[in-house]
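Ready for some practice in reading a protein structure? Work through the exercises below, trying each task before you look at its solution.

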Amino acid sequence: MNKLALYCRPGFEKECAAEITDKAAQLEIFGFARVKENSGYVLFECYQPDDADRLAKEIPFRELIFARQMIVVGELLRDLPPEDRVSPIVGMLIGVVDRGGELRVEVPDTNESKELMKFCRKLTVPLRAAMREQKVLMARENATRPVVHVFFIAPGCCYVGYSYSKNNSPFYMGIPRLKFPADAPSRSTLKLEEAFHVFIPADEWDERLGSGMYAVDLGACPGGWTYQLVKRSMMVHAVDNGTMAQSLMETGQVTHHRADGFKFEPTRNNIYWLVCDMVEKPARVTSLVINWLLKGWCREAIFNLKLPMKKRYEEVSQNLQSIQEALATADISAEIHAKQLYHDREEITVHVRRMWSAIPGRRDER
Ligand SMILES: C[S@@+](CC[C@H](N)C(=O)[O-])C[C@H]1O[C@@H](n2cnc3c(N)ncnc32)[C@H](O)[C@@H]1O
């Protein structure tokens, strides 16, 4: 199997392709990306037979911005016989995957694939049984073993392959299923909730998303992001000229500042979180967040970069590089990650965590 299939948001195939080509080249692995616009996936075909497996192991999945999932696949299986679709699929995996831990029968995230998904659900049970019989899958689910993926792109037409459980998205189709909280003021609340799931390990939530922490939300109205912070018992300074949801104001945890988020300065020195969802040019938001980090006004930041322009991958790369360079120049060590989340549309979400600063008196470790 010498191809890597990457799932992405439909419409972002070119960005996903540019990114995988770049990241593979950094590992001196070469190939070419096949892109079909609005298909919801990209195929990266490696020139060397074992290179797709190397990529699946060596490119840290969490460093990919536009890919929702990364799997190693073989040739496309076409025209599966309706009387027995199972045997050819299992046949592709014998000798390739030994005792996988889980099976996911998936489709691209497009409207056209919705019907296909119903069929996938039906096929999962007989496929799983046949794979277990052939020892392609273990008898029980096991989260530490490779995941077997069957990726249907059309009726009777699928890619078959695997991902590594330590280096993939743990979610079916790479999409976390989050329930919209009925009392949240806007749907964009799910963007921040998803960001927490993606960027903050679950066992660190108590420490990094704990009650009593202070947060600033720039561009907060009507309050979907503030809602997530309030729900975690934080105290929030919400900055926006608009109107905040009354339900949030009534919690007593929110101070609303009718001010320009680009001019606002924190009034206290123990702000842990900065979150920002202002619709503005990416470079302007980036330099705002850099300023907050350099001044030590927050420890962690989550913000959106809106991408209405054509050269979206270049725009994202430039902004991330600006953050890296600014922090490195100031001797501030930081973790920087970016992802196009499922709930993001024409945008990506960036997370920066200051680890420590070499400037005396500005040591951040707790
Ligand atoms: C996409 S909405 C934010 C939605 C919010 N995150 C939520 O979940 O409800 C963008 C907000 O940014 C605000 N905004 C835009 N430019 C701003 C600025 N310079 N200063 C403060 N707020 C700004 C707008 O008023 C708008 O309410």
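**Exercise 1: Between the domains**

How many salt bridges are counted between domain 1 and domain 2? Find the residues and atoms involved.

Step 1. The count between domain 1 and domain 2 is one salt bridge; the term stands for a side-chain nitrogen of Lys or Arg within 4 Å of a carboxyl oxygen of Asp or Glu.

Step 2. Now look for Glu15 and Arg312, which form a salt bridge with their closest N and O atoms 3.0 Å apart.

Before you go on, note that this is a predicted model, where local features need pLDDT of at least 70, side-chain atom pairs count only at pLDDT 80 or more, and totals for chains, interfaces and linings use all residues. Residues are numbered from 1 along each chain as its sequence is written, and side-chain values use heavy atoms, leaving out hydrogens and water.

**Exercise 2: The two domains and their contact**

Where do the domains lie in the sequence, and what area is buried between domain 1 and domain 2?

Step 1. Domain 1 covers 3–174 and domain 2 covers 189–356, with bounds that come from an automatic or database domain assignment.

Step 2. Taken over C-alpha atoms, the centres of the two domains are 33 Å apart. Domain 1 brings 16 residues to the contact and domain 2 brings 17 residues, where contact means heavy atoms within 4.5 Å.

Step 3. About 1500 Å² is buried between domain 1 and domain 2, and carbon and sulfur atoms give 52% of this. Buried area is the accessible area (1.4 Å probe) that two parts lose on being put together, summed over both.

Step 4. On the side of domain 1, Arg9, Arg62 and Ile65 lose the most area to domain 2, together 42% of what that side buries.

**Exercise 3: Around the ligand**

Which residues are closest to the ligand, and which atoms of the ligand does Asp277 approach?

Step 1. The ligand is surrounded by 16 residues (each with a heavy atom within 4 Å of it). The closest are Ser188, Gly224, Asp240, Gly261 and Asp277.

Step 2. An N or O atom in the side chain of Asp277 is 2.8 Å from a nitrogen atom of the ligand.

Step 3. Try the backbone next: an N or O atom of Gly224 lies 2.8 Å from an oxygen atom of the ligand, and one of Pro222 lies 3.4 Å from an oxygen atom of the ligand.

Methods: Polar contact = N/O pair within 3.5 Å; in protein donor to acceptor, adjacent residues only side chain to side chain.
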